[in-house]
Amino acid sequence: MPNQRIFLWLAFLFLVWLNVDAWMKDYGSAAKPAAAPAATTAPAATAASGLTDALPTVAGEPAGAAPAAPADAGMAMPAVGATIRVVTDVLDLDVSLTGGDIVRADLLEYPQRKDDPNVKVRLFNTDSHDTLYIYQSGLTTGQAGRAEPNHKAQFTAAAREFRLEPGQDTLSVPLTWTDGQGLSATKTFVLRPGQYSIDVFYDVNNQTPEALPLAPYAQLVRHWMPVERSMFDVESYAFRGPAVYDGDKYRKLDIEDEVDQAFSQSVSGGWVASLQHHFVSAIAPPSTEPYRLALKVEDKDYLLRAVGPTKSVPPGAQARIEDRLFVGPKLQAQLEQAGPRLELTADYGKLTILSQPLFWLLDKVYGFVGNWGWAIIIVTFLIKLVFYKLAETSGRSMAKMRTVAPRMKVIQERYKDDREGQAKAMMELYKREKINPVAGCLPMLVQIPFFLAFYWVLLESVEMRQAPFMGWIQDLSSRDPYFILPLLMGVAMYGQFKLNPTPPDPVQAKVFAFMPVIMTVMFAWFPAGLVLYWLTNTLLSIAQQWKINKLVEAEDKKHRTN
């Protein structure tokens, strides 16, 4: 029976390795007045996908009715042209007057590196083909050659810059378009303080003599580049690419997979998103109407699109059509409000059922202590408290094994040439002393899913990104730069080993003695927050086992005296 302990330890290491290996494989990442309405011009770039020029087909449209992209579209960047600047307290955007596309999005609260706070994380970008990432949207009639407010149309703005002023509840950025023959549209972006969700409204005025069918659409176009993996960079293993929620299930799409490349589905209450570790852009259309979600791929460029149902605007009538864009960090509270189950983009994998409650608890504790490191320590204590009785039961079995260790040694010597007799004598000793030799492993088995759940919470939750703890730990989502926490954890694990009964088999004893070294090396590359969790858990286990050992020793001494 004692042999099972080593196999359980090895199973634990094997499970952790499987999880890390799977992760590595799967994640391969009020307007200011202007003297003139002229706008700035974005820098020119070269070589991009013709996907940026593509218009969607719409329901009821004959095949091939949509205007085709120019023959050389695959060799030219999207026509950015003149842009206006839109700034809130958290977003700094460039919006092109060609189509009203968002061609640059800087996240003002998120520097790329903690040691260089002036360089912000940039999502939408047209600096070059390698960084191509834009949001396009519009309305289409599905009629070849028909002037319409799509993402190729030329809009006008009343100012070159729009800023959300302190105390202002909303910032509206209207862009206007007209075909000069009675059809006009105003595309309005509505932004709010502290929010990464952007509402998009189209107000259509049809003063033509005929009813006009219009279908709303929005799309994300991005160049995909495989990330060079590095064991020194946790983010290099994060999934980077498209994802979709069909109203029921969330899944990531592989742009190199032929089946995913042809993804197209009509859903209600769904969305499409482009992910990169802690950040996401997502199109979350109204959940009350069916939208067709689709992925298109050309070489290493992909287009995620959501196309709504066609709506007829009668002659002389007006209509309003709305959409929603989220561009920013994976802040789960904001994601929940932006779209149905959009918080799933903070991808905890198969352990979401544990990870989401753990994050909720961490977030609540953080609200009191204001430090994610202390929140991890407190939540670890609370988890330990929940499983206290289980740990106490197994701890008593471990302590009793310490007290009978001399008798076990005698049995080994007596039956050193008789393995069957030795096993029988050991079982009789366990039965007589009411010892369960496997009980000491139960808390470890219970902790494995919580360990892995914490692992995903710390890796995927943007709230942990660059979050300081104390001293040299200035980013709980990255490894300890000086490996101090892993070394402390290794020392604590060795202390825990010495506190527990020594395995009767000398080979097992040596393996268990070397286990802290193996764990220290493995944990050296894990996020500091995860190491902090395991160190705290180990110290609490030592304190609990030390107390139980003292109680059992006193009980055994009293029993022998009587």
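A salt bridge is a side-chain nitrogen of Lys or Arg within 4 Å of a carboxyl oxygen of Asp or Glu. With that in hand, welcome to a predicted model, shown here in a handful of close-up views.

**View 1. The whole chain before we zoom in.**
The chain has 562 residues, and 52% of them count as buried. Along the chain you will find 12 helices and 20 strands. About 25,700 Å² of the chain is exposed, with carbon and sulfur atoms supplying 58% of that area. The structure also holds 18 salt bridges, and the next views visit a few of them.

**View 2. Aspartate 199 meets arginine 324.**
Here a salt bridge joins aspartate 199 and arginine 324, and the closest N and O atoms are 2.8 Å apart. Aspartate 199 sits in strand β10 (residues 197–206) and arginine 324 in strand β20 (residues 317–329), so this pair ties together parts of the chain that are 125 residues apart in sequence. Are the two partners buried or exposed? Aspartate 199 has 8% relative accessibility and therefore counts as buried. Arginine 324 is partly exposed, because its relative accessible area is 27%.

**View 3. Arginine 104 and two aspartates.**
Take a look at arginine 104, which forms a salt bridge with aspartate 92; their closest N and O atoms are 2.9 Å apart. Arginine 104 belongs to strand β4 (residues 102–113) and aspartate 92 to strand β3 (residues 91–96), so the bridge ties together parts 12 residues apart in sequence. Both arginine 104 and aspartate 92 are buried. Arginine 104 also forms a salt bridge with aspartate 94, where the closest N and O atoms are 2.8 Å apart. This second pair again links strand β3, home of aspartate 94, with strand β4, home of arginine 104, across 10 residues. Aspartate 94 is buried, as is arginine 104.

**View 4. A nonpolar patch on the surface.**
Which residues form the nonpolar patch? They are Phe368, Val369, Trp374, Ile378, Phe381, Leu382, Leu385 and Met470, which together have about 790 Å² of accessible area. Two elements, α4 (352–369) and α5 (372–386), each give two or more residues to the patch. The most comes from α5, with five residues. For a single example, pick out leucine 382, which is located in helix α5. Its relative accessibility is 32%, so leucine 382 counts as partly exposed.

**View 5. How α4 and α5 pack.**
Now follow the two helices themselves. The axes of α4 and α5 are 8 Å apart, and the helices pack at an angle of about 125 degrees. Angles of 65 to 115 degrees count as roughly perpendicular and those over 145 as roughly antiparallel, and α4 and α5 are therefore oblique to each other. The crossing of α4 past α5 is right-handed.

**View 6. Alanine 262 in its loop.**
For the last stop, find alanine 262 in the loop between α2 (258–261) and β14 (264–267). Is alanine 262 buried or exposed? Its relative accessibility is 58%, so alanine 262 counts as exposed. Alanine 294 is 32 residues away from alanine 262 in sequence, while the two are 7.7 Å apart in space, C-alpha to C-alpha.

Conventions. Residues numbered from 1 in each chain as written. Predicted model: local features only at pLDDT ≥ 70, side-chain atom pairs only at ≥ 80, totals over all residues. Heavy atoms only, no water. Patch = residues over 30% accessible without salt bridge, like charges linked within 9 Å, V, L, I, M, F, W, Y side chains within 5 Å. Areas by Shrake-Rupley, 256 points an atom, 1.4 Å probe, with all protein chains shown as cover. Helix = DSSP H or I, 4+ residues; strand = E, 2+ residues; numbered from the N terminus. Buried < 20%, exposed > 50% of the residue type's maximum accessible area, 1.4 Å probe, protein only. Axes fitted to C-alpha atoms, helices over the stretch in contact; angles between N-to-C directions. Parallel < 35°, antiparallel > 145°, perpendicular 65-115°, else oblique. Left-handed = near helix turned anticlockwise from the far one by under 90°.
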